[in-house]
Amino acid sequence: MKKYWKSLDELKENQEGNIPANEVAPEFSIEGLTEDEVKSKLKSNRRDFLKMLGFSVSTAALAASCEQPVRKAIPFLNKPEEVTPGTASHYASTFYDGNDYCPVVVKVRDGRPIKIEGNELSSITEGGTNARIQASVLGLYDSYRLNHPLKNGQKTDWTTLDSEITNALSGINVTGGKIIILSASVISPSMLRIFEEFKTKYPNTEVIYYDTVSYSAMRKANFETFGKEAVMRYNFADTEVIAGFNCDFLGSWLSPVEYALQYSKSRDLTNGKNTISKHYQFESWMSLTGSNADIRYPIKPSDEKVILANLYNYIAAKSGTPQIQVQASPVDISKLAEDLMLHQGKSLTVSGTNDVHIQTLVNAINFLTGNQGSTLGFERSSNLKKGIDERFEMLLGEMEQGKVDALFVYNVNPAYDYYDPAKFINALKNVKLSVSFGETPDETTKLCTYVCPDNHSLESWGDAEPFTGIYSLAQPCIQKLFDTRQMGESLLKWAGNTMDIHSYIQKYWEENLYPKQSEYLSFTDFWNHTLQKGVFEVQLGLYACPLYNFDYLMSLAPLMFADKPASGLELTLYEKVGLGTGKMANNPWLQELPDPITKAVWDNYLALSPTWAKENGFAMEDLVKINGTMELPVMLQPGQPYGTAAIAIGYGRTDGGKVANNLGKNAFVLASFINGSKQYSISSITIEKTGSTYPLATTQTHHQMEGRPLVRETVLGKWQQNPESGNELHRITEEKAVSLYKKPHYDSFHWELAIDLNKCIGCSACVIACQAENNVAVIGKEEVRKKRIMHWIRIDRYYSAVPPEKIGPDEFFNLEPENPEVFHQPVMCQHCDNAPCENVCPVAATPHSKEGLNQMAYNRCIGTRYCMNNCPYRVRRFNWYRYADNEKFDYNFNDELSKMVLNPDVVVRERGVVEKCSMCIQRIQEKKLKAKNENRMLEDGEINVACAQACPTKAIVFGNTNDKESRVSKLFDNARRYHLLEELHTLSSVGYLTKVRNKNVEDINENSEQHS
């Protein structure tokens, strides 16, 4: 029987679902209470009572005698034609920060961008986003942004700055000095034209691209094996077999929003298909992608190349291609190899390791399995990740020798994220003219002589070509908040071109992209139409797939395994789904977003295998010293390969802002440069105890479900035989359901939500989308540790494993899980028709609507928390403090600039009030009113809740189940649909579709009895 658990602590309990024998059951709900409050049982004596009574009466009298603060308002006399107060406008734009790309639609309320959504017209993402894109709107109102240009750290004006920089450039140009533009990968075609214009004015200029996380080895391998120095475009949607090697393509690799959508299409069982892709994952840390794999192999970083070489040899032997000499694989790859060959042209092998040898092997495997030109290819090659590691290393050498006269730094921060920041800092001192275009005074910007602060992307004009022939436009959605200027406009001005950036982009598009023979009456017509849509695609000609250069592979073969074998504890550096590379480290939404796997917030840590840690004397939260310098706490992580460790990058900022500074440690310094590329795995590290511990804040154990059946899954073979497979309990429960309550009937609408667990990957885009839409507070690490996190939607992560034969249940719970399966399940208010919370509220603050929604009347709530105690799903949140205008919670509720992001349609809750998911009632009412004013019926899909709209995989569907033709109704009719704790007969309005894994039937037991 398969066993499920949320945390290692739960796994260790003597009897699953029961309180251990040495503990006493609490007399009252202890959720959100401190240990001292629990021990004292919240009791007080008569003196304390009278003291608090006197204080509260005197406070009330004082408040009554005080005048209300004066709030000034400016009348809107000259209203722009396109602005209607109280009504949101939406503008198509583009998000690109040098790492993530996504076409977006920006919601603007009374001149303020307050929400980011995906652009549904984009063929790349079809309206999806991720957590970082959702959170990016908060960066617009970051008080750490630069307000004006600087010279030597002091305020200056643009006229003086332009004059001095132009004079300096002219002098360098006369002497033939070298000018370098060090930039993140640029995908804007008009910006590339500006670079060329700048080079025309200053011929000794060179543009060097620097990527925080490098893909240089992939570009080099593609050039050597196919003759094209580019990144291929991948298509997971049409795959039948996927093999991932240390590649988190659902979380952070290359284009994760695009890949998440494609992956979900290959896993969809609601579209008439009767099969799904089969996903193998080999990895050195428990990644988001690995947690979704059908078959996962924990491997050491040093084993990846060996496994790939054996996989290549197996396939090469079948196809008559030369093989390479390699030691035996540490894992059996025969089944994977047979699957890849069986699905010629329908499989895909990918690796996220920045190693030329590995990428060369991956290209060979894809070529031999017929995937080139099918599931990957250069036809619409990617323009992302242009950096070449060797060129940056050469630049540092030139700077050290004083051969660089001017350095312009754009959208990069090597003083923080280069593996040897001191080397860069010292080299920069030898550059005569240093100019930064940073939006904030980060680690690199503070070192530059001149700072020309760039606009935020939501204040900027721009364009993008992420893939060949696929374009998108960006437009400003708000007037500039500060005295900043777009980087492109600065370069144009210094090159002697006085054209503004908007006109320059228009001119570029008219000359290069405007289709003369088309339905458009003029360029203005074409521009306005494209700007409104936000996206534009150009048809390409015939494409010939290049042939693979096996001679290059054979020339590499003797070098592949010439390195000294790894020994000791191996380390992998990885990106977290939320924080990423650390560029957005000052964003409190992302800092408090629970990691999809560890569920930790506000810190990075050293993830260790539970078994290895136990054998070597390390425990959870032990503070250890890595290589004698860096100190981090230990996180025991099921699924972490034995003899390995993992650390997330993006932490340890020193000049990142009030939120980012001094959180965690900078793991970039543990990277290295080997064989011409940056390496993010280290062959051997040492760790030793410091004798101290460091508390971590995690959310996974906040809401225990006490062993009740929540997770339902099956395997593809059983589902094909019986669509109810894994979900028989649903039919049995419905047949036996008995209730004293009359089944409710809704005359107009019945709003319900369906979540397909086959599509949900646990990426948490929905969590940030809900937070942005509903003004959910950030509370900080200490409050999270007290189990008071405020998110209205959480992603429960379950581990599971089948116990070995001849082992008792008690013995199983003493095992150390090395490679458990992982299950992600979004949980929000279930909006029950028989809601347990509604019966117990003494002031009727949580009534039931005529459309099936469980509502919250905040001004009626008195904070008894009876509803929280009576909710079996643990989805209600309590405001223990006033989080707005409170110095203790100095986040986005505590200054006037940051509060501009608040949604005026949703009230900011006060202290002592319970809150929860409202199913975005403000959106429902808005669309109902619009349909009423237009004298028409609401259309299916016209209303969408924030979580569903943000989801990159379309896993969440919202709608009216009274409309039997709606998408949500059809999903509710699916044989896989079930509800959480449906044996309680709460009649939840949130339905889940059973997860189906593509693996052998014998690998999984039916979970008719389950345990969380």
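## The second largest pocket

Which helix gives the most to the lining of the second largest pocket? Helix H29, residues 921-933, does, with six residues. This is a predicted model, and the pocket is a good place to start reading it. About 1400 Å³ of space lies inside this second largest pocket. Its lining is made of 47 residues. Look for Glu 120, Lys 927, Glu 942, Asn 944 and Gln 949, which lie closest to the pocket centre.

Sort the lining by class and you get 19 charged, 14 polar and 14 nonpolar residues. Two domains are represented in the lining of the second largest pocket, each with at least three residues. One is domain 1, which covers 3-17 + 701-997. The other is domain 2, which covers 231-382.

## Cysteines without partners

How many disulfides does the structure hold? The count is zero. A disulfide is a covalent bond between the sulfur atoms of two cysteines. To be counted here, two cysteine sulfur atoms must lie within 2.5 Å.

Take Cys 837. The nearest cysteine sulfur belongs to Cys 829, and that sulfur is 6.3 Å away, with Cys 837 in no disulfide. Cys 837 is buried, at a relative accessible area of 7%. Now take Cys 871. Its nearest cysteine sulfur is that of Cys 837, at 6.4 Å, and Cys 871 is in no disulfide either. Cys 871 is buried too, with a relative accessible area of 8%.

## Strand E33 and its two partners

Find strand E33, residues 751-756. Six of its six residues are buried, so the rest of the structure largely encloses this strand. The side chains go two ways. Trp 751, Leu 753 and Ile 755 point one way from E33, while Glu 752, Ala 754 and Asp 756 point the other way. Residues on both sides are buried.

Which strand pairs with E33 in the antiparallel sense? Strand E38, residues 956-960, does, over five bridges. In that pairing, Ile 755 stands opposite Ile 956 of E38. E33 also pairs with strand E40, residues 990-993, in the parallel sense. That pairing has four bridges. Here Leu 753 of E33 has Val 990 as its bridge partner in E40.

## Strand E35 and strand E34

Strand E35 spans residues 821-827. Why is E35 described as largely enclosed by the rest of the structure? Seven of its seven residues are buried. Glu 821, Phe 823, Gln 825 and Val 827 are buried on one side of E35. Val 822, His 824 and Pro 826 are buried on the other.

E35 runs antiparallel to strand E34, residues 794-801. Seven bridges join the two strands. One pair to find is Arg 794, which stands opposite Val 827 in E35.

## A covered helix

Helix H24 runs from residue 765 to residue 773. Nine of its nine residues are buried. These include Ala 765, Val 767 and Ile 768, and also the cysteines Cys 766 and Cys 770. Gln 771 and Glu 773 are buried in H24 as well. An α-helix has 3.6 residues a turn, so residues three or four places apart point the same way.

What follows H24? Asn 775 does, with a positive phi near 55°.

## Residues in loops

Two further residues with positive phi sit in loops. Lys 787 has phi near 65°, a positive value in a residue other than glycine. Lys 787 is found in the loop between helix H25 (781-785) and E34. Is Lys 787 buried or partly exposed? Lys 787 is partly exposed, with a relative accessible area of 37%.

Leu 981 has phi near 50°, again positive in a residue other than glycine. Leu 981 lies in the loop that runs between strand E39 (977-978) and E40. Its relative accessible area is 0%, so Leu 981 counts as buried.

Pro 596 belongs to another loop, between helix H20 (588-591) and strand E22 (600-601). Pro 596 is buried, with a relative accessible area of 4%. Compare Pro 596 with Lys 576. The two are 20 residues apart in sequence. In space, their C-alpha atoms are 8.8 Å apart.

Technical notes: Residues numbered from 1 in each chain as written. Predicted model: local features only at pLDDT ≥ 70, side-chain atom pairs only at ≥ 80, totals over all residues. Heavy atoms only, no water. 1 Å grid on protein atoms, 1.4 Å probe; cavity = no way out; pocket = protein on both sides within 12 Å on 5 of 7 lines; lining within 4 Å. Points joined across faces, edges and corners; volume = space filled by probe spheres on them. Nonpolar A, V, L, I, M, F, W, Y, C, P; charged D, E, K, R; others polar. Domains from an automatic or database assignment. Buried < 20%, exposed > 50% of the residue type's maximum accessible area, 1.4 Å probe, protein only. Pairing = 2+ DSSP bridges.
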